[in-house]
Amino acid sequence: ATCRRCPRLAAFREEIARTKRRAYRDQEYWGAPVPGFGDPDARLLIVGLAPGAHGSNRTGRMFTGDASGTFLYASMHRLGLASQPTSVSRSDGLRLTGAWITASARCVPPGNKPTPDELATCMHWLKHDFDGLRNVTAILALGRIGHDSVLRLYRERGLRATFASVPFAHGAVHRLDELPGGAEAGARPLVDAFHVSLQNTNTGRLTSAMFDEALAVAKSVAGLD
């Protein structure tokens, strides 16, 4: 929570925490990198994009305090992975079972678009979560950036697969563990889903039924049925 390796992101997250949104002007913003969250014994690892400006950057917990989190945790609750369907603060009692949530970037980026250099720098923290979670058997990527981050991490560890050969597609299941170098890289099966952003959920590109189906597949692949 004290990382300042990306000066642009550090300045942006802290400026948001100072200026705040009118609706939250009386609240103290987290305004720092947001750590992973969930069950330390997780079998399913969920990889998102980055904290929301007035969601995670305000509350300090992944997907907490905004509409994206409302959509995600409601689905996780329906599938038995979350203790409640809402996420409003770090002290609201939410607990995850069998799942851990992390992100490709730990600081909120301007326009929700971290640069390639920022993603490469933050890979250190993604590896931290991957290495610390010993029981993960499947990964759910929320969006193309999450998908690419997982591939990049495993490629660095010996997976011999191009990005073109493992294309992002909602609902797709990629058996990275069965690809050349996958076993040696410690790769896990990767399931794709559109990101739970307002841009996707408000336009109907991603519906609750669509996401529930993708999450159910990931849960099954992880052996959580």
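The lining of the largest pocket is a mixture: by class, it has 13 nonpolar, 14 polar and 5 charged residues. The model you are looking at is a predicted one, and this pocket has a volume of about 880 Å³. To find its centre on your screen, look for Leu49, Asn112, His195, Ser197 and Leu198, which are the closest to that point among the 32 residues of the lining. Three elements each give two or more residues to this lining: helix H3 (67–78), helix H5 (144–156) and helix H7 (198–201).

Now let's move to the second largest pocket, which holds about 200 Å³ of space. Its lining includes Phe130, Asp131, Leu133, Arg134 and Val136, and you will also meet Tyr154, Arg157, Ala185, Gly186 and Arg188 there. Sorted by class, this lining has 5 nonpolar residues, 1 polar residue and 4 charged ones.

What about cavities? A search of the whole structure finds 1 cavity of 30 Å³ or more, with about 130 Å³ of space in it. Of the 15 residues that line this cavity, Cys3, Cys6, Leu9, Cys107 and Cys122 lie nearest its centre. Helix H1 (7–19) and helix H4 (116–132) are the elements that give two or more residues to the lining, and H4 gives the most, with 4 residues. By class, the cavity lining has 9 nonpolar, 1 polar and 5 charged residues.

Next, turn to the strands. Six of them form an open sheet with mixed pairing, and if you trace across it you meet the order E1-E3-E2-E4-E6-E5. Why is one side of E1 and of E5 left without a neighbour in the sheet? Strand E1 (37–38) and strand E5 (173–174) stand at the edges and each has a single partner strand, so there is no neighbour in the sheet on one side of each. For E1, you can follow the pairing with strand E3 (residues 99–103), which is antiparallel and runs over 2 bridges. In one of these pairings, Gly38 has Trp100 of E3 as its bridge partner.

Finally, see how two helices you have already met are placed against this sheet. H3, which helps to line the largest pocket, lies across E1, strand E2 (44–48) and E3, and runs at about 160 degrees to E3. H4, which helps to line the cavity, lies across E2, E3 and strand E4 (138–142), running at about 165 degrees to E3.

Key: Residues are numbered from 1 along each chain as its sequence is written. This is a predicted model: local features need pLDDT of at least 70, side-chain atom pairs count only at pLDDT 80 or more; totals for chains, interfaces and linings use all residues. Side-chain values use heavy atoms; hydrogens and water are left out. On a 1 Å grid over the protein atoms alone, a cavity is a set of points where a 1.4 Å probe fits but cannot get out, and a pocket is an open set with protein on both sides within 12 Å along at least five of seven lines; lining residues have an atom within 4 Å of a point. Grid points are joined across faces, edges and corners, and a volume is the space filled by probe spheres set on the points. Ala, Val, Leu, Ile, Met, Phe, Trp, Tyr, Cys and Pro count as nonpolar, Asp, Glu, Lys and Arg as charged, and the others, Gly among them, as polar. Two strands pair if DSSP finds at least two bridges between them. Contact means heavy atoms within 4.5 Å. Axes are lines fitted to C-alpha atoms, for helices over the stretch in contact, and angles run from 0 to 180 degrees between N-to-C directions.
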